[in-house]
Amino acid sequence: MKTQDVLILGIESSCDETAAAVVKNGREVLSNVVLSQIDIHKLYGGVVPEIASRNHVEAIDKVVAQALCDAGITLADLSAVAVTYGAGLVGALFVGVSFAKGLCQATGLPLIAVNHIEGHICANYITSPSLKPPYVCLLTSGGHTSIVRVEDYDRYVVLCSTVDDAVGEAFDKVARVLSLPYPGGPHIDKLAKEGEPTYQFHSVALANGHFSYSGLKTAVINVVHNAKQKGEQINVPNLCASFTKAAIDGLVKRTLEELEKSGLNTIAIAGGVSANSYLRSQVEQFTNKGYKVYMPSLWLCGDNAAMIASRGYYQYLQQDFANFTLDAVPTLKLRGERPSKSKE
Ligand code: KG4
Ligand code: ZN
C-alpha cells in the first residue's frame, strides 16, 4: 500500500442490505460485504421498515468488521468513513449513519455523507476504470428513475425523471400481482425472456419530457384482474415481456434523445434495474451509433457499499466532510431533481 493511497470504508444501510466495503482510490475494491435481508422480507411481499432497521442493528458491526478483515487492514489504515445518509428508509439509514458517526468519533477519521443515488452512478467507476465525466447517466432503481448529465464527479444536472412511481417499484408491484416473489424485477426479467410482447401498453415517456409508471402499472394490474374475473388464463411470460418492453423502451428512447441533445458521446446506466437484461441489450445498441456505453457489473447494480466508498473518495478529494450533526434524510434528492408529484 502506497502512503498516498486513499482507503475509504463505505457503509450502506438504506433499505434491506447491510453492506460495508473498502475501496482504494475510488476504483479498486479491496473488500465488499453485502448481507441481504431479502429472505426475511420475502415472507411479507416487500420490505418491512421496522424489521429492516432491527436487522441492520444486529448486523452492522459484524459486516464492517468483515469488510476490514477481507481487505486485510485495520481502522488505522483508513483515510475516511463514507456512509449513505439518504435517500431510503429513515430507520434503516439511521443505523448506518449512527454507526459511522460513532466510528469517526472514536477514531478521529473524517466522516463523509453520501447520497445513495450518487453512489449508484459511481458503481460505474469501479467497473470501468476508463470512465470519466462528462457523460449522460440513466438512473433506474427501486426508488428512482431519471436521466442525469454528469458534469463532473460532484456536479449533476437532472434532465428528466419520473413524475410518480420509479421503474423498479413498477417491476416489484407488477410482480406482486403476478404472485412472484419479492423483489420482482429479477423474476420478471427471467420470465420475459421466455415470452413475446403480445400485450400492448402505452409508453412511459410523457409528452412533457418526463416519465410516468403508475399508468403502466395500473394497466398491467387491470389485465390480470379482468382475466381473473372472466376465469381466463394469463400468459405470464408474454405479460412479463410486454410490461418489460413498455417499461424500458420509453426510457431508452428518451435516453438516446437526451444523449443526442447533450453533444456528449458517453452513456452509463446505474441502479438496481440496470441489471435488467432487456435494458442492457437495448442500451448496448447505442454503440452502433458511435456512443461509448458503460454498465456496472451485475454485482454492482444492486445496493452495495463499494459504490458508496467510491463516491466517498471523490468527496474526500474535495474535502467534503460532514460533522456529527449528520442525520438520515429519507427523501434526499439528486441536486437539480424535479420533485415527484405523487410522493410529496
Ligand atoms: O438500486 P436497488 O438495489 O435499490 C434501490 O436503491 O431502490 O434497486 C432495487 C430494484 C428493485 O425494484 C428490483 O426489483 C429491481 O431493482 N431489479 C430489477 C432487476 N434486478 C433488480 N428490475 C428489473 N430487472 C432486473 N434484472
Ligand atoms: Zn439502490
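In which segment is Gln319 found? In this predicted model, Gln319 belongs to the segment after helix 10. Its phi is near 55 degrees, a positive value in a residue other than glycine, and Gln319 counts as exposed at 54% relative accessibility. A positive phi, of about 50 degrees, also occurs at Asn25, which is not a glycine. Asn25 is placed in the loop between strand 2 and strand 3 (28-36) and is partly exposed, its relative accessible area being 26%.

The chain is divided into domain 1, which comprises 7-123 and 301-317, and domain 2, which comprises 130-296. Their contact draws on 17 residues of domain 1 and 23 residues of domain 2. The C-alpha centres of domain 1 and domain 2 are 26 Å apart.

The zinc ion (ligand 2) has three protein donors, His116 through NE2, His120 through NE2 and Asp303 through OD, at 2.0 to 2.1 Å from the ion. The spacing of these donor residues in sequence is H-x3-H-x182-D. Distant parts of the chain are thereby linked, as His116 lies in helix 4 (residues 116-127) and Asp303 in the loop between strand 10 (292-294) and helix 10 (306-317), 187 residues apart. Both His116 and Asp303 are buried.

One of the residues touched by Glu17 is the zinc donor Asp303. Glu17 itself lies in strand 2 (residues 17-24). Glu17 is buried yet has no salt bridge, the nearest side chain of opposite charge being that of Lys42, 11 Å away. A polar contact of 3.3 Å instead joins the side chain of Glu17 to the side chain of Ser36. Beyond residues up to four places away in sequence, the contacts of Glu17 also include Glu12, Val34, Leu35, Ile38 and His56.

Across the whole structure, 14 salt bridges are found. In one of them, the side chains of Lys24 and Asp5 meet at 3.8 Å, N to O. Lys24 lies in strand 2 and Asp5 in the segment before strand 1 (7-12), so this pair ties together parts 19 residues apart in sequence. Lys24 counts as buried at 17% relative accessibility, and Asp5 is likewise buried, with a relative accessible area of 10%.

Asp165 and Lys173 form a further salt bridge, with the closest N and O atoms 3.8 Å apart. Asp165 is buried, with a relative accessible area of 6%, whereas Lys173 counts as partly exposed at 33% relative accessibility. Both residues belong to a network of salt bridges that also links Glu169 and Lys217.

Within helix 8 (residues 236-262), Lys261 and Glu258 are three residues apart and therefore separated by about one helical turn. These two residues form a salt bridge in which the closest N and O atoms are 3.5 Å apart. Lys261 is exposed, with a relative accessible area of 64%, while Glu258 counts as buried at 10% relative accessibility.

Cis peptide bonds are found at two proline positions, Pro134 and Pro183. The bond from Pro133 to Pro134 has omega near 5 degrees, and Pro134 is placed in the loop between helix 4 and strand 6 (135-140). For the bond from Tyr182 to Pro183, omega is near -10 degrees; Pro183 is found in the loop between helix 5 (167-177) and helix 6 (184-192).

Methods:
Residues numbered from 1 in each chain as written. Chains lettered and ligands numbered in written order. Predicted model: local features only at pLDDT ≥ 70, side-chain atom pairs only at ≥ 80, totals over all residues. Heavy atoms only, no water. Donors = N, O, S within 2.8 Å, 3.2 Å for Na, K, Ca; no water. Helix = DSSP H or I, 4+ residues; strand = E, 2+ residues; numbered from the N terminus. Buried < 20%, exposed > 50% of the residue type's maximum accessible area, 1.4 Å probe, protein only. Lys, Arg positive; Asp, Glu negative; His and termini not counted. Salt bridge = Lys/Arg side-chain N within 4 Å of Asp/Glu carboxyl O. Polar contact = N/O pair within 3.5 Å; in protein donor to acceptor, adjacent residues only side chain to side chain. Contact = heavy atoms within 4.5 Å. Domains from an automatic or database assignment.
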